[in-house]
Amino acid sequence: MQDLVHYNVLHSVAIPAKRLSGGTVSKLYLIERTDGHPYVVKINEPQVVKSESIYLNHYQSSNLLPKLTFLEPSNTYLVYSFITGSTDYPDGNKTEILQTLVHGLINNYKQVSAEQGWGWVDQPSKSWRDFLEDERSAKSKMIGVHLGDKDHELICSLVQSIEEEKEAFLLHGDYGVHNFIFEGGRLKGVIDPTPVIGDPLYDVIYAFCSSPDDLTIETFHLILDQVRFKREASVTTIYEKVLIGLYLRIGTAIKHHPSDLDSYLLSWQYWRAIVIQCKNREA
């Protein structure tokens, strides 16, 4: 608080502040300013704070993101506007929520240089394929026997055969529904980016797979049809990316949302059948 007064972010250390829950590795505090526009102070490792500030700055015109107010010079914390609402995911409204996300953020993604690498901004990989392979390898250990050997081999093959991206974009990197703020059943805001340099479809698929409901081809196309970053990719290639995204999500669900696992495994059978059918048709 003394720091924020020193940097003219606040006018007094007497302004009420309280600890917020929800940060997995970060510490979050709510500063309840007298003008009715509260701030969030987020403390984390410097490289994490810096990469999050890059994303918020890059897309500061989006109405779905909090406004970055202050970045501490040594990157130990940042301050941004507090978005009111609830993180409780409203079932039955997935298509509208993700279409709002596409139009409010994803379709406005900007190209960036990939000279520093691909994947995590704070820990880049040499290529987009290398990033996906690292993610696949980590999730494979979590998934283990929940999927068969042929399932693991299929994803390994799909990742290895994926075409390298020529255009790099700054992505949110963690479009889980737990990072969405809702009001009246609609998407109002998005928080907690873990920025990634890569393919915008990664964020689309991440958001689609981040909840186990409505993981159907019909719902996916209702969202995909709104995305302007489809380029010349074949339908089969896009479906393969969905299967990769679903695989990564299953690994995350096992660790953080085990009650969703059975639903995800059913969706896995569904999307694997779609991918195999498409590959057989092309053959």
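The legends below accompany close-up views of a predicted model.

**View 1. The five-stranded open sheet.** Five strands are arranged in the order β1-β2-β3-β5-β4, with antiparallel pairing, and the sheet they form is open. At its edges stand β1 (17-20) and β4 (68-71), each of which pairs on one side only. With direction ignored, neighbouring strands of this sheet are turned against each other by 25° on average.

**View 2. Strand β3 between its two partners.** Strand β2 (residues 27-31) runs antiparallel to β3 and is joined to β3 by five bridges, and strand β3 (residues 39-43) also pairs in the antiparallel sense, over five bridges, with strand β5 (residues 77-81). Val40 can be followed across all of this: Leu30 stands opposite Val40 in β3, while the bridge partner of Val40 in β5 is Tyr80. Further along the pairing with β5, Lys42 has Leu78 as its bridge partner. Four of the five residues of β3 are buried, so the strand is largely enclosed by the rest of the structure.

**View 3. The four-stranded open sheet.** A sheet of four strands, likewise described as open, follows the order β6-β8-β11-β7 with antiparallel pairing. Because β6 (111-112) and β7 (119-120) stand at the edges with a single partner strand each, one side of each is left without a neighbour in the sheet. Strand β8 (residues 168-171) and strand β11 (residues 196-198) pair in the antiparallel sense over three bridges, and in this region Leu171 stands opposite Val196 in β11.

**View 4. The nonpolar cores and the surroundings of Tyr175.** The largest nonpolar core has 75 residues, and those with the most contacts inside this core are Leu101, Tyr175, Phe180 and Trp271. Helix α8 (residues 235-256) supplies the largest share of the core, namely ten residues. A second core, separate from the largest one, has ten residues and includes Val9, Ile31, Tyr39 and Phe70. In soluble globular proteins, nonpolar side chains tend to be buried together. Leaving aside residues up to four places away in sequence, Tyr175 touches, among others, Tyr55, Leu101, Leu105, Ile106, Tyr109 and Phe180; the residues touched by Tyr175 also include Val190, Asp203, Tyr206, Ala207 and Ser210.

**View 5. Helix α9 and what covers it.** Helix α9 (residues 261-282) has 22 residues and reaches 31 Å from its first C-alpha to its last, which is close to the 32 Å expected at 1.5 Å a residue. The buried residues of α9 are Leu261, Tyr264, Leu265, Ser267, Trp268, Trp271, Ile274, Val275 and Cys278. The cover over these buried residues includes α5 (149-161), α6 (200-209), α7 (217-224) and α8. One of the buried residues of α9, Trp271, is also among the residues with the most contacts inside the largest nonpolar core.

**View 6. Tyr202, Tyr206 and the aromatic cluster.** A search of the whole structure finds 20 aromatic pairs. The rings of Tyr202 and Tyr206 have their centres 6.0 Å apart and their planes at 55°, so this pair is tilted, given that tilted pairs have planes neither under 30 degrees nor over 60 degrees apart. Both residues lie in helix α6, four residues apart, about one turn of the helix. An α-helix has 3.6 residues a turn, so residues three or four places apart point the same way. Tyr202 and Tyr206 are both buried, and together with Trp118, Trp120, Trp128 and Phe131 they form one aromatic cluster.

Note on methods: Residues are numbered from 1 along each chain as its sequence is written. This is a predicted model: local features need pLDDT of at least 70, side-chain atom pairs count only at pLDDT 80 or more; totals for chains, interfaces and linings use all residues. Side-chain values use heavy atoms; hydrogens and water are left out. A nonpolar core is a set of buried Ala, Val, Leu, Ile, Met, Phe, Trp, Tyr and Cys residues joined through side-chain atoms within 4.5 Å. Buried means under 20% relative accessible area, exposed over 50%, partly exposed in between (1.4 Å probe, protein chains only). Helices (H or I, at least four residues) and strands (E, at least two) are DSSP runs, numbered from the N terminus. Contact means heavy atoms within 4.5 Å. The expected span of a helix is 1.5 Å times one less than its number of residues. Two strands pair if DSSP finds at least two bridges between them. Axes are lines fitted to C-alpha atoms, for helices over the stretch in contact, and angles run from 0 to 180 degrees between N-to-C directions. Rings of Phe, Tyr and Trp (its six-membered ring) pair if their centres lie within 6.5 Å; planes under 30 degrees apart count as stacked, over 60 as edge-to-face and the rest as tilted.
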